[in-house]
Amino acid sequence: MSIFQMFLAETAAKNNGGSMVGMIIFYVVIIGAMMYFMAIRPQKKQQQSMNELAAALAVGDSVLTTSGFYGVVIDINDDIVVVEFGSNKNCRIPMKKVAIQTVEKPDGTTISLER
């Protein structure tokens, strides 16, 4: 006998008319738990990973953007990063920190987002 069947039998034995209410409450709790483990928890993990990547970002790091461009960080503000692309020193583009997918430090350490 499964836990669910035992719960239903116990609820029906206690309350002859209230078993339907107990079942509805049980389903709401189960659906809420599923929503937490399938939607909220992974989102929190991704946000934590993004915060760690943004905290590790420094001037001189090589980065890979979410659009697939490789560049070097030359300036960092609150949530804006200025990235220099290619060997042409005139191609400097400001972008948000969330647009950075991978950071490679000068010592060879790589920090990447878990997607």
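**Figure 1. A nonpolar surface patch in the predicted model.** Ile30, Met34, Tyr36, Phe37, Met38 and Ile40 together form a nonpolar patch on the surface, with about 620 Å² of accessible area among them. The model shown in this and the following views is a predicted one. Within the patch, Met38 belongs to helix H2. Met38 counts as exposed, because its relative accessible area is 65%, and the cut-off for exposed is over 50%.

**Figure 2. Overall arrangement of the protein chain.** Two helices and six strands make up the secondary structure of the protein chain. Read along the sequence, these elements follow the pattern α-α-β-β-β-β-β-β. The protein chain has 115 residues, of which 21% count as buried. About 8,200 Å² of the protein chain is exposed, and carbon and sulfur atoms supply 61% of that area. Among the contacts in the protein chain with a separation of 6 or more, 34% are accounted for by residues 24 or more positions apart.

**Figure 3. The largest nonpolar core.** Twelve residues are shown here, namely Met50, Leu53, Leu57, Val63, Val73, Val81, Val83, Phe85, Met95, Ile100, Val103 and Leu113, and they make up the largest nonpolar core. Helix H2 and strands E3 and E5 are the elements that give two or more residues to this core. The most comes from E3, which gives three residues. In soluble globular proteins, nonpolar side chains tend to be buried together.

**Figure 4. The surroundings of Leu57.** Leu57 is one of the residues of the largest nonpolar core. With neighbours within four places in sequence left aside, Leu57 is in contact with Val63, Val73, Ile76, Val81, Lys97, Ile100, Val103 and Lys105. Among these partners, Val63, Val73, Val81, Ile100 and Val103 are also listed in the core. Lys105, another of the contacts of Leu57, takes part in a salt bridge with Asp61.

**Figure 5. The salt bridge between Asp61 and Lys105.** The side chains of Asp61 and Lys105 meet in a salt bridge, with a distance of 2.9 Å from N to O. Asp61 lies in the loop between helix H2 (19-56) and strand E1 (62-65), and Lys105 lies in the loop between strand E5 (100-104) and strand E6 (110-112), so the pair ties together parts that are 44 residues apart in sequence. Asp61 and Lys105 are both buried. Three salt bridges are counted in the model, and the other views of such pairs follow in Figures 6 and 7.

**Figure 6. The salt bridge between Lys96 and Asp79.** Lys96 forms a salt bridge with Asp79, and the closest N and O atoms of the pair are 3.4 Å apart. Because Lys96 lies in strand E4 (residues 92-96) and Asp79 in the loop between strand E2 (70-76) and strand E3 (80-85), the pair ties together parts that are 17 residues apart in sequence. Lys96 is partly exposed, with a relative accessible area of 46%. Asp79 is likewise partly exposed, at 39% relative accessibility.

**Figure 7. Glu84 and its partner Arg92.** Glu84 is found in strand E3. The side chains of Glu84 and Arg92 meet in a salt bridge, at 3.0 Å from N to O. The pair is also recorded as a polar contact between the two side chains, at 3.0 Å. Glu84 counts as buried because its relative accessibility is 10%, and the cut-off for buried is under 20%. Arg92, by contrast, is partly exposed, with a relative accessible area of 48%. Not counting residues up to four places away in sequence, Glu84 touches Gly71, Val72, Ile74, Lys89, Cys91 and Arg92.

**Figure 8. Two pairs of residues separated along the chain.** Gln48 is found in helix H2 and is partly exposed, with a relative accessible area of 48%. Gln48 and Leu113 are 65 residues apart in sequence, and their C-alpha atoms are 9.8 Å apart in space. Leu113 belongs to the largest nonpolar core. In the second pair, Gly108 has its place in the loop between E5 and E6 and counts as partly exposed, at 45% relative accessibility. The C-alpha atoms of Gly108 and Ser62 are separated by 9.8 Å, while the two residues are 46 residues apart along the chain.

Definitions and conventions. Residues are numbered from 1 along each chain as its sequence is written. This is a predicted model: local features need pLDDT of at least 70, side-chain atom pairs count only at pLDDT 80 or more; totals for chains, interfaces and linings use all residues. Side-chain values use heavy atoms; hydrogens and water are left out. A salt bridge is a side-chain nitrogen of Lys or Arg within 4 Å of a carboxyl oxygen of Asp or Glu. Helices (H or I, at least four residues) and strands (E, at least two) are DSSP runs, numbered from the N terminus. Buried means under 20% relative accessible area, exposed over 50%, partly exposed in between (1.4 Å probe, protein chains only). Patches are made of residues with over 30% relative accessible area and no salt bridge: like charges are joined within 9 Å, nonpolar side chains (Val, Leu, Ile, Met, Phe, Trp, Tyr) within 5 Å. Accessible areas come from the Shrake-Rupley method with a 1.4 Å probe; for residues, only the protein chains shown count as cover. A polar contact is a pair of N or O atoms within 3.5 Å; within protein, one must be able to donate a hydrogen and the other to accept it, and residues adjacent in sequence count only if both atoms are side-chain atoms. Contact means heavy atoms within 4.5 Å. A nonpolar core is a set of buried Ala, Val, Leu, Ile, Met, Phe, Trp, Tyr and Cys residues joined through side-chain atoms within 4.5 Å.
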